[in-house]
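Subject: Structure for your review

Dear colleague,

Please find below the structure that I am handing over to you. A summary of what was found in it follows.

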Amino acid sequence: MTASSFEYARLWVPLYDATTLSVARPVFLIEAADGFEGVVAEKNTTLIGVLNDLGRDGWRIDTTAIRVTAPSPEFQLLIDATLDEVDGGSLSEADSGAVNEFDVYGMRRQLS
C-alpha cells in the first residue's frame with residue numbers, strides 16, 4: 001500500500017481597500033510552499049466561481065474561512081508586492097491601495 005501525499009496551499013481573498021474601506025479589487029492570492037501567486041478574477045466572477053475553478057484543478061477547499069485582519073509585516077510586504085504585480089495596469093486607480101483584511105481558505109490536493 002502506498003502512502004498518499006498532499007499539496008497544501010491557502011486561498012487569500014482580499015476584503016477591503018485600506019483607504020476607501022470598499023470591497024477590494026477582484027484579485028485572489030494563492031499561497032503555496034513557493035510563495036504567492038496572484039490571480040485576477042473576471043469582472044463578474046464570484047467567490048463560488050473561483051472555488052469551482054480551483055476544484056476542477058483538483059483542490060479541495062475548506063468551506064470555513066479564517067478572517068485575517070492584520071497579517072504580519074513580512075506577510076503584508078509579500079501580499080502588497082503580489083497585488084502590485086497582479087495590478088499591472090489591468091485595474092482602475094480606484095482599485096489600487098493596500099489591502100490588509102482577508103478571508104483565508106485552506107486548500108489541499110492529492111499528488112499523483
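The aromatic side chains come to five aromatic pairs in this model, which is a predicted one. Trp12 and Phe102 make up one of these pairs, with an edge-to-face geometry, 5.2 Å centre to centre and 80° between the planes. This pair links distant parts of the chain, as Trp12 belongs to strand 1 and Phe102 to strand 6, 90 residues apart. Both rings fall below the 20% limit for burial: Trp12 is buried because its relative accessible area is 2%, and Phe102 counts as buried because its relative accessibility is 0%.

Phe36 and Phe75 form an aromatic pair that is also edge-to-face, at 5.6 Å centre to centre and with 70° between the planes. Phe36 is in strand 3 and Phe75 in helix 2 (residues 73–87), so this pair ties together parts that lie 39 residues apart in sequence. Phe36 has a relative accessibility of 18% and therefore counts as buried. Trp12, Phe36, Phe75 and Phe102 form one aromatic cluster.

A further ring contact involves a charge: the charged end of Arg108 sits over the ring of Phe6, 4.6 Å from the centre of that ring.

I turn next to strand pairing. Strand 6 (residues 102–110) pairs with strand 1 (residues 6–14) in the antiparallel sense, over nine bridges. Within this pairing, Met107 of strand 6 is the bridge partner of Ala9. Strand 6 also pairs in the antiparallel sense with strand 4 (residues 60–61), over two bridges, and here Ile61 stands opposite Met107. Strand 5 (residues 66–68) pairs with strand 6 over three bridges, likewise in the antiparallel sense; Asp103 in strand 6 is the bridge partner of Arg67.

Finally, there is the matter of pockets. The largest pocket has a volume of about 370 Å³. Its lining consists of 19 residues, and those nearest the centre of the pocket are Ile30, Glu37, Val39, Leu54 and Asp57. Strand 2 (27–32), strand 3 (35–40) and helix 1 (47–56) are the elements that give two or more residues to this lining. Strand 3 gives the most, with five residues. In character, the lining residues of the largest pocket divide into 11 nonpolar, two polar and six charged.

With kind regards

Note on methods. Residues numbered from 1 in each chain as written. Heavy atoms only, no water. Pairing = 2+ DSSP bridges. Helix = DSSP H or I, 4+ residues; strand = E, 2+ residues; numbered from the N terminus. 1 Å grid on protein atoms, 1.4 Å probe; cavity = no way out; pocket = protein on both sides within 12 Å on 5 of 7 lines; lining within 4 Å. Points joined across faces, edges and corners; volume = space filled by probe spheres on them. Nonpolar A, V, L, I, M, F, W, Y, C, P; charged D, E, K, R; others polar. Phe/Tyr/Trp six-rings, centres within 6.5 Å; stacked < 30°, edge-to-face > 60°. Buried < 20%, exposed > 50% of the residue type's maximum accessible area, 1.4 Å probe, protein only. Lys NZ or Arg CZ within 6 Å of the ring centre and 35° of its normal.
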